[in-house]
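Look at the chain below from one end to the other before reading on. The paragraphs that follow go from the surface to the inside.

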Amino acid sequence: MRQDEEVRKGLIIGGIVLIILGFAVWLAFPILYPISDKIYSQEVAPLHYDMLTFFLEQGDRIEGEFTIRGGDDGIIFYIKDPYGNIIYKPPGQVHGWHKFSITASSNGAYTLYFDNTFSLTTSKSVYLTIRICPCELLLKTARILGISAMIPGAIMVAIGGIILKPKVKEAKV
């Protein structure tokens with residue numbers, strides 16, 4: 001009888017530990033890899049270009065939008081991958097407001113270029129809001145791992161708490 005009680009307690013405690021660990025894994029990914037907007041403001045001089053570089057892991061997504069002010073409100077915008085290839089470039093100049101999104105095909109530094117080399121006399125102000133979103137595959141994997149630990153934990157608690165419930169002896173009067 002004593003051994004049954006120890007097995008029951010072990011199942012319940014082990015199950016609770018699995019549930020807590022599973023929940024921690026399920027919850028940790030957004031905490032470790034937060035999604036937050038970053039705001040940049042840059043002045044691009046005539047006959048110059050400015051750039052911003054971000055390190056991305058394969059599968060990460062970078063989303064952004066920017067507004068241009070100055071002259072005709074136009075600028076040439078493009079993004080290069082870690083190998084120096086242009087992976088995003090709208091045709092011609094971007095005027096006024098522009099929205100973009102790319103997904104990293106490999107780990108490395110991705111660079112956003114704001115090119116004002118065509119302008120002889122006018123600076124351009126660029127107001128950029130950017131969001132780096134961690135790889136969705138990693139998020140899904142963390143969720144699955146967390147749930148994969150919580151389910152057996154719940155089963156262990158159920159077995160220990162319900163199925164192996166100690167039998168109550170009725171007292172004879």
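A residue is called buried when its relative accessible area is under 20%, exposed when it is over 50%, and partly exposed in between. The model shown is a predicted one, and these words are applied to it throughout. Ile147 has a relative accessibility of 40%, so it counts as partly exposed. Leu145, at 52%, is over the upper limit and therefore counts as exposed.

Where do these residues sit in the chain? Leu145 belongs to helix α2, which covers residues 136–163, and Ile147 is in helix α2 as well. Ile147 is also part of a nonpolar patch on the surface, together with Ile151, Ile155 and Ile159. The accessible area of these four residues together is about 320 Å².

The chain as a whole gives the setting. It has two helices and nine strands. Read from the N terminus, the order of the elements is α-β-β-β-β-β-β-β-β-β-α. The protein chain has 173 residues, and 31% of them count as buried. Its accessible surface comes to about 10900 Å², with 63% of this belonging to carbon and sulfur atoms.

Residues far apart in sequence can be brought together in space, and the helices give examples. Between the C-alpha atoms of Leu145 and Leu21 there are 9.9 Å, although the two are 124 residues apart in sequence. Gly15 is found in helix α1, residues 2–32. Is Gly15 buried or exposed? Its relative accessible area is 0%, so Gly15 is buried. Gly15 and Ala154 are separated by 139 residues in sequence, but their C-alpha atoms are 5.9 Å apart. With neighbours within four places in sequence left aside, Gly15 is in contact with Gly153, Met156 and Val157. The chain-wide figure concerns contacts between residues at least 6 apart in sequence: 80% of these join residues at least 24 apart.

Now turn to the strands. The largest nonpolar core has 21 residues, and those with the most contacts inside it are Phe66, Phe77, Phe100, Leu112, Phe114 and Leu128. At least two residues of this core come from each of the strands β2 (49–56), β3 (61–69), β4 (74–80), β7 (97–103), β8 (108–115) and β9 (124–133). Phe100 serves as an example of the contacts made: not counting residues up to four places away in sequence, Phe100 touches residues including Phe66, Phe77, Tyr88, Leu112 and Leu128.

Several of these residues carry aromatic rings. A pair of such rings is described by the distance of the centres and the angle of the planes. The count of aromatic pairs comes to 10. In one of them, the ring centres of Phe66 and Phe114 are 5.2 Å apart and the planes stand at 90°, so the pair is edge-to-face. Phe66 lies in strand β3 and Phe114 in strand β8, so this pair ties together parts that are 48 residues apart in sequence. Phe66 and Phe114 are buried.

A further pair is formed by Tyr88 and Phe100, with ring centres 6.2 Å apart and planes at 45°, so this pair is tilted. Tyr88 is in strand β5 (residues 86–88) and Phe100 in strand β7, so the parts tied together are 12 residues apart in sequence. Tyr88 and Phe100 are both buried. The two pairs belong to one aromatic cluster, formed by Phe66, Phe77, Tyr88, Phe100 and Phe114.

Conventions
Residues numbered from 1 in each chain as written. Predicted model: local features only at pLDDT ≥ 70, side-chain atom pairs only at ≥ 80, totals over all residues. Heavy atoms only, no water. Core = buried A, V, L, I, M, F, W, Y, C linked by side-chain atoms within 4.5 Å. Buried < 20%, exposed > 50% of the residue type's maximum accessible area, 1.4 Å probe, protein only. Helix = DSSP H or I, 4+ residues; strand = E, 2+ residues; numbered from the N terminus. Contact = heavy atoms within 4.5 Å. Patch = residues over 30% accessible without salt bridge, like charges linked within 9 Å, V, L, I, M, F, W, Y side chains within 5 Å. Areas by Shrake-Rupley, 256 points an atom, 1.4 Å probe, with all protein chains shown as cover. Salt bridge = Lys/Arg side-chain N within 4 Å of Asp/Glu carboxyl O. Phe/Tyr/Trp six-rings, centres within 6.5 Å; stacked < 30°, edge-to-face > 60°.
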